[in-house]
Amino acid sequence: MRRRRIRILSACLLLAGAASAYVLMGVKWPTGTNMGFTVNLASAKISGQLSSVLSAAATWSALNPSGFRMTYQGPTAVVGYHYDGANTIGWQDQGASSTLATTYTWSSGATILENDIVFNDAQTWSITGGSYDVETVALHEMGHVVGLDHSSSGIMQAYYAGIQRSIDADARAGFYAMYGAPAGGGGSDHPPTVSITAPAAGALVSGMVPFTAAASDDHGVGKVEFYVGAVLVTRMTASPYQTSWDSSASYNGATTLKAVATDTIGQTASDQIGVVLIPHAPPNFSGIKKNNSSTLLEQYINVLSWEAHPYNRDIQSYRLYRQDGSVWTLIGEFDTQTLTAMDKNVKKSAAYTYILKAVDNGGRPGDGATAQVKAP
Amino acid sequence: MMRKSAIVLLLMAAAAVSHVGAAPRDAFSVKAGAGYFYPAESSLKKIYGNGTGWNAEMNLKLVSILDFWAFGNGYRKSGRLPVTAESTTMRLTTFGGGLKLRAAAGPLRLYAGIGAAACAYREANAIGVAQGTNVGIIGQAGFYLPIVAGLLIDLAGDYASIKVKPAAIAADLGGTRLAVRLGYVF
């Protein structure tokens, strides 16, 4: 039995790529293997990483499930790497080195017996598109799991070069060389198509924004990912590809929405549009009726106050409206430093309804905040 | 109300003048000085506060220990509206007259009286202007001390109640006033 340890990925960026071909380690799993694996969820500083790991496993498994695939068997408490017959994935502090993750491979002859993947918990990890992206690194390490060595570009290059959540043609060709192409021929598989069906390009949006896409592929769509800017909103593996973007925690203004479809062999297609997120409603908008009377002259005033929304930017003013019957009357427009307003000469015993809107630099009013001022 | 009070005041003044020619010494005095006004109306006190103003009066002996008494005083202050903090001003000018009883206690001359008071008021601010004249009642008590050669020093306190309602709000523009005056007794 030959045991082999292989350090796979370091933290340095690849500065230049060259034309390359896949490189095989010389060992592989028997064709047709369904490799079970467990994940140590408790050993990482971050949480929620399981979905990223499973997504990477699904991407490799989708290449040719009958040739090789990976199946999640549940959590494990094992930390680090051990030749124990169990393929584990976990996090362990490996010190402040440039290593992001390491795949340990035990083999006998040309046959792999076991793989353990250890992510370096001394690094900073992200599952939402930041660095280092768990899914990208997991996809790379799983390339070693199937038997691919480093190449000079693509997912199997030795250095982290940003987010890549699909298997490039070179790595895919290496996989096919070891485990065969799927029925119909992986090489003849056409890339998927995807288009965003809602919202419309250039639309003014706010609140919960329906975000839908239509995707298709000649051999099936593996997943569709929805992005707002560079942030992954959700990942869907089955049609209909519909989600909602909660825009309340996004800055107003021009925003890019992108949908990325990945087919069963990792080919991708994307569509992106620009929309405008109108200003958020100012929070904590409220009002109270106050008596401003002097000794002989009576006056009641509705005093209104609000706060600046933390995700509003480039706001030029606030517009305050009062409901008079079925008509909204503009009471005033205030600069962004003003967070209170007075509506004078209101009736003592009447109730009033107000709407406040932030207006961006393009003159676009945002969502309205409503406040009611009751009689004292 | 106001017309009736004015007639009363005129009758009092006529009675007083009819005695001028026969007035013995101590029968006529004038006093002038400063008063400090404590408004009775809470909103007046809250917005404008207590305050000083001019104060003057004359007394004319009618019979024995009974004097006719005429007076005037003023109060003018500015303040801020309670919510908007806009500037507001209040001016009160009060004239009136009545009858006083006088008594001697050693060198002091004690007196107490009651009468009618006409108050001309004007409040102006961003809300608008309220002005007019209303009549109320006033009571006064005090004493004076002859100093030398007809000069006297006088300390008095009075309380007036003058209710007005120019618009939606009713208020009592009276209050308590303490006055220190110098005078001359003829």
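# Helix crossing, barrel and interface in a two-chain model

In this predicted model, α1(A) passes α2(A) in a right-handed crossing.

User: At roughly what angle do the axes of α1 and α2 of chain A cross, and what does that make the pair?
Analyst: Helix α1 of chain A covers residues 50-61 and helix α2 of chain A covers residues 134-146, and their axes come within 8 Å. They cross at roughly 45°. An angle like that is over the 35 degrees for roughly parallel and under the 65 where roughly perpendicular starts. That makes α1(A), relative to α2(A), oblique.

User: Which class of residue does the contact of α1(A) with α2(A) have 9 of?
Analyst: From α1(A) come S52(A), V53(A), S55(A), A56(A), A57(A), T59(A) and W60(A). On the other side, α2(A) puts in V134(A), E135(A), A138(A), L139(A), M142(A) and V146(A). By class there's 1 charged residue and 3 polar ones, and the 9 are nonpolar.

User: Staying in chain A, what are the buried residues of α3, and which elements are included in their cover?
Analyst: Helix α3 of chain A takes in residues 169-179, and its buried residues are D170(A), A171(A), R172(A), G174(A), F175(A) and Y179(A). As for what covers them, the list includes β2 (23-24), β4 (68-75), α2 and β8 (148-149) of chain A.

User: And which residue just after α3(A) has a positive phi?
Analyst: Helix α3 of chain A runs over residues 169-179. Just past that helix, phi turns positive, at about 85°, and the residue is G180(A).

User: Over to chain B: how are its elements ordered from the N terminus on?
Analyst: Chain B has 2 helices and 10 strands. Going from the N terminus, the order is α-β-α-β-β-β-β-β-β-β-β-β.

User: In what order do 8 strands of chain B close into a barrel?
Analyst: The pairing is antiparallel. Neighbouring strands of this sheet are turned by 25° against each other on average, ignoring direction. The barrel order is β1-β2-β3-β4-β5-β6-β7-β10.

User: How many bridges join β5(B) to β6(B)?
Analyst: Strand β5 of chain B spans residues 108-125, and a hairpin of 2 residues links β5(B) to β6(B). One facing pair is Y111(B) opposite G142(B). The two strands run antiparallel, and the bridge count is 17.

User: Which residue in β7(B) does G142(B) stand opposite?
Analyst: β6(B) covers residues 128-146 and β7(B) covers residues 151-161, and 10 bridges join them in the antiparallel sense. Next along β6(B), F143(B) has L155(B) as its bridge partner. For G142(B), the residue opposite is A156(B).

User: Which turn residue has a positive phi in the hairpin of β6(B) and β7(B)?
Analyst: There are 4 residues between the two strands. One of them has a positive phi of about 50°, and that's A149(B).

User: What is the bridge partner of L60(B) in β3(B), and which residue takes a positive phi in that hairpin?
Analyst: β2(B) (residues 51-63) and β3(B) (residues 66-80) run antiparallel, joined by 8 bridges. The partner of L60(B) is F68(B). The hairpin has 2 residues between the strands, and the positive phi, near 45°, belongs to S64(B).

User: β3(B) also pairs with β4(B), so over how many bridges?
Analyst: These two form a hairpin with 6 residues between them, where A85(B) in the turn has a positive phi of about 60°. Y75(B) stands opposite L92(B) in β4(B). β4(B) covers residues 87-105, the pairing is antiparallel, and the bridges number 15.

User: What share of chain B counts as buried?
Analyst: Of the contacts in chain B with a separation of 6 or more, 58% are between residues 24 or more positions apart. Chain B has 186 residues, and the buried share is 35%.

User: Which strands of chain A each supply at least two residues of the side that touches chain B?
Analyst: Across the two chains, 13 residues of chain A are in contact with 20 residues of chain B. The chain A side divides into 5 nonpolar, 6 polar and 2 charged residues. The strands are β17 (286-291) and β18 (300-305).

User: Which are the edge strands of the open sheet that β17(A) and β18(A) belong to?
Analyst: The sheet has 3 strands in the order β17-β18-β21, with antiparallel pairing. Within it, 6 bridges join β17(A) to β18(A), and K290(A) has I301(A) as its bridge partner. An edge strand pairs on one side only, and here those are β17 and β21 (340-346) of chain A.

Definitions and conventions: Residues are numbered from 1 along each chain as its sequence is written. Chains are lettered from A and ligands numbered from 1 in the order in which they are written. This is a predicted model: local features need pLDDT of at least 70, side-chain atom pairs count only at pLDDT 80 or more; totals for chains, interfaces and linings use all residues. Two residues are in contact if their C-beta atoms, placed from the backbone, lie within 7 Å. Ala, Val, Leu, Ile, Met, Phe, Trp, Tyr, Cys and Pro count as nonpolar, Asp, Glu, Lys and Arg as charged, and the others, Gly among them, as polar. Two strands pair if DSSP finds at least two bridges between them. Axes are lines fitted to C-alpha atoms, for helices over the stretch in contact, and angles run from 0 to 180 degrees between N-to-C directions. Angles under 35 degrees count as roughly parallel, over 145 as roughly antiparallel, 65 to 115 as roughly perpendicular and the rest as oblique. A crossing is left-handed if the near helix is turned anticlockwise from the far one by less than a right angle, and right-handed if clockwise. A residue is buried if 20 or more other C-beta atoms lie within 10 Å of its own, exposed if 12 or fewer, and partly exposed in between; C-beta atoms are placed from the backbone.
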